[in-house]
Amino acid sequence: MLLSRLVASRCRSIAFRSFSQASQYSTAPPKTPKYRKDQGKEEPSDRWNYNKSALLPTTVEDLANLPTVTANELETAKTPPVGVKMLVRDFIEDSLYNPNYGYFPKQATIFNTDATPLEFSKLRNSVEFQEVVAQKYAEYGSDSYEGPGRQLWHTPTELFKPYYAQAIAQCLVSEYLLKYFPYEDFTIYEIGAGNGTLAMDILNYLQEYYPMVYERTRYNIIEISSSLVRQQKKRLYGAHPCAKVHHQSIFHWKKREPAPCYFVAMEVVDNFAHDIVRYDLRTMEPYQGIVTISKDGDFDVVYTPISDPLIASLLGIRSRLRHEPPISRPLRSSSFLRQAYVNLPFAPNLSREEYVPTRLLSLLRTLRTNFPRHRLLLSDFSSLPETIPGHNAPVVQTRLRNTTIPCSTLLVKQGYFDIFFPTDFERLRDMYEYLLSKPHSVKNTSDMAIPSRSTPLMSSTSSLSLGSGFFSSTYPTDRRTPLDGVASSSGLPVGERKSNVFTHAEFLETYADLGKTTLRNGENPMLDFYKNVKFLF
């Protein structure tokens, strides 16, 4: 049923059946295999994404001699690399975002209902709603018989336009009117803006219902895809001069925004690259995963002691927050039990794969450094079905002959497969608050939260110059460290409340006009679907 696909994940239409041959996937027409000259006719030479059994030795003869590359270094590559090794996050980033063969620049198509938006009040029930959505999918045409099909997916922003975006707008403008209007501009930054639908609908809403706020609005999109940049500019620039599109990765963003701003990330962090970490069950020492690609294009993953600074930093933060690794408590606490376990027949010497959100940590650091007075609104999947093996593992899938095919491995042909992860929102909230509550170094001016310009909300004198705890021996645990110069209505600096996690339904019940998406029988698909989505605000 289409319902299962909608609930599953960003309507990327997960089909619940296996794809055991995904690792031998090829886009070329059927042809007679070519064979290696030095091996007779035992193994074909055109083996895309062929993976050896984990029980057999790796096919990479001199692993130490393979050059290490990063996704940034591969941005100019015209074809996927061979004869290299890289961190798992670089492999994922290269597969998804490489400008010349990445999944999003070359394969992905965003579902769009601009021509005929859904009229929810005319639909009888959710069954008819699903039939209408399926019909709109069919309008994109059938996939060709050869090679991968059109990689079509959509977000709730597209499916429930413009009402979903209006809920986002209402959330943001309510906070802005309460805290900053009319002294500060209404500054918004969005990443992962897709077709620009969310930006267009938010700006249309502000223009119609909050014209005075619209006059103070500055809407910025940070977009990595050149094709989407063109679409966004074409869509927004004529209608809303306050919109500006920056063709840049958020991870390369260096400009500092000193003013209060709102940072929006809707259905984007699920595609942020992760790293793999496994633990030595004898010593509990963590190991990082390295993807190796032989000269023949064969993939493998090997594990080495942690040497990457970003992985080490994430594990350090997790330790300070007391976020335990996904290993049972008895094994973590008893070296005797671990020794007995690894000595069992066929027992592994490493824990199962854990996918850790290293790129998400990079985003939080960017927010803290370059957007010190931001408010974050982030939404994505809290759980996913049909993931590959491992803790916090992703869904890896492609589309073939109008059917979405889930895979059982991460090691697939670069550019042809979507790779997306669930987000542990409670752990994300803890990490986010930890990073933003750390004391700001006075020596490092690029990491200070003090505004670098005058504002009507700044006090001429502040007790913070004496220290935030000068008048009290304790500070409330549910407040962030106050920002110097930012005063309350009473004239005293205050800290901002910590972030909260909401379910999809809780957020929409607070900010959305649910009557606009209610069907004739009383059902509301905007509430009933996407139960595996949460918000962080």
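Me: What does buried mean here, as opposed to exposed?
Reply: Buried means under 20% relative accessible area, exposed means over 50%, and partly exposed lies in between (1.4 Å probe, protein chains only). This is a predicted model, in which local features need pLDDT of at least 70 and side-chain atom pairs count only at pLDDT 80 or more, while totals for chains, interfaces and linings use all residues. Residues are numbered from 1 along each chain as its sequence is written, and side-chain values use heavy atoms, leaving out hydrogens and water.

Me: Is Glu354 buried or exposed?
Reply: Glu354 counts as buried because its relative accessibility is 4%.

Me: Which residue meets Glu354 in a salt bridge?
Reply: Arg318 does, at 2.4 Å from N to O. A salt bridge is a side-chain nitrogen of Lys or Arg within 4 Å of a carboxyl oxygen of Asp or Glu. The pair links distant parts of the chain, with Arg318 in helix 10 (residues 309–320) and Glu354 in strand 11 (residues 354–356), 36 residues apart. Helices (H or I, at least four residues) and strands (E, at least two) are DSSP runs, numbered from the N terminus.

Me: And how buried is Arg318?
Reply: Arg318 has a relative accessible area of 9%, so it is buried.

Me: How many salt bridges are there in the whole structure?
Reply: A search finds 14.

Me: Changing topic, where is Leu435?
Reply: Leu435 lies in helix 14 (residues 425–437), and at 6% relative accessibility it is buried.

Me: What does Leu435 contact beyond its neighbours within four places in sequence?
Reply: Leu435 is in contact (heavy atoms within 4.5 Å) with Ile317, Leu361, Leu364 and Arg368. Ile317 is 118 residues from Leu435 in sequence, yet their C-alpha atoms are 8.8 Å apart.
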